[in-house]
Amino acid sequence: MAVIYQRKKAEVMPQKDVPRRQSNSSAGSRTSIALVTRVSWNRSLSTRGRTSIAATACVDHQPQQRKPGRKVKPPLPRVTLALAVAEAAYEFEHRDLHWGNILLSRNGSATLQFILEGKKLQVRNFGLLISIIDFTLSRINTGEDILFLDLSSDPALFEGPKGDKQADTYRKMRDVTDECWEGSFPKTNVLWLQYLVDILLLKKSYERTPKDERELRSLKKRLHSYGSAKEAASDPFFSDLLISE
């Protein structure tokens, strides 16, 4: 999966007074970046300086842009599979996959191919191109370095209102990682998939049937048992959209 990094240097940079974590692991050197900018917590956090990555397997889903009859299933399998592929290849965790970081556009393609650990998968695409953006909080193992953001240096991130799905997800990540942000915890990807299901059920208006809602609620329950996006990708919810080769 091709990845292009574009750093917004004016807004995100190493902070001198925050010590970088060191690791004795042989997996490679650890690099931590601390946020300089301090902003009050808000639901979109769109004002934060971020590093952006463009990835082909992975749009902003605005409700007013949706056309009647558009289904909710098509985006979810590809987001899940994109995370699964990146997990397998780079121990990747997005760690900030809120609704504004998923963009949608039309590309006319009927299917999209993923290669997960050597296995080719075709996904019914329904003419949509999905892009995941904003990887500033992400964690990735390049094989030579482990790049991550030490979220402990930004406590405001965890101070959002209780009951807010996005704020709760940050706090759940903190619990899962025990604030060891350089470590590999693919469960964080699952937490964001659960968040996305919640947003579809509670926040977004679109044409759906009672069966669609039941399937989404069942998926949310099953996601609790998955430890990674790779495990989640095998869920029956996606079976009618995946074509194995």
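Let me begin with a term: a residue is called buried when its relative accessible area is under 20%. By that cut-off D198 is buried, because its relative accessibility is 7%. Please keep in mind that the model before us is predicted.

My subject this morning is the salt bridges. The structure holds 9 of them, and I shall discuss three. As general background, side chains of opposite charge can pair when their charged atoms come close.

I stay with D198, which forms a salt bridge with K220; their closest N and O atoms are 2.7 Å apart. Where do D198 and K220 lie? D198 belongs to helix α3, residues 187-202, while K220 belongs to helix α4, residues 210-223, so the pair ties together parts that are 22 residues apart in sequence. The partner of D198 has another level of accessibility: K220 is partly exposed, at 25%, whereas D198, as I said, is buried at 7%. This pair also does not stand alone, for salt bridges with shared partners join K165, D198 and K220 into one network.

I turn next to the pair E91 and R139. Their side chains meet in a salt bridge, with an N to O distance of 2.8 Å. Which parts of the chain does this pair tie together? E91 sits in the loop between α1 (75-90) and β4 (102-106), and R139 in the loop between β7 (128-132) and β8 (140-141); the bridge therefore links parts that are 48 residues apart in sequence. Is R139 buried or exposed? R139 is buried, with a relative accessible area of 2%. E91, for its part, has 33% relative accessibility and counts as partly exposed.

The third pair lies within a helix. D168 and R171 form a salt bridge in which the closest N and O atoms are 2.7 Å apart. Both residues are in helix α2, residues 165-177, and because they are 3 residues apart there, about one helical turn separates them. R171 counts as buried, at 14% relative accessibility.

Finally, a word on a residue from outside these pairs, S228. S228 is placed in the loop between α4 and α5, the latter spanning 229-232. With a relative accessible area of 8%, S228 is buried. What does S228 touch, once its neighbours within four places in sequence are left aside? S228 is in contact with E87, P186 and V190.

To close, I return to the opening residue: D198 is buried, and D198 shares one salt-bridge network with K165 and K220. Thank you.

Note on methods
Residues numbered from 1 in each chain as written. Predicted model: local features only at pLDDT ≥ 70, side-chain atom pairs only at ≥ 80, totals over all residues. Heavy atoms only, no water. Salt bridge = Lys/Arg side-chain N within 4 Å of Asp/Glu carboxyl O. Helix = DSSP H or I, 4+ residues; strand = E, 2+ residues; numbered from the N terminus. Buried < 20%, exposed > 50% of the residue type's maximum accessible area, 1.4 Å probe, protein only. Contact = heavy atoms within 4.5 Å.
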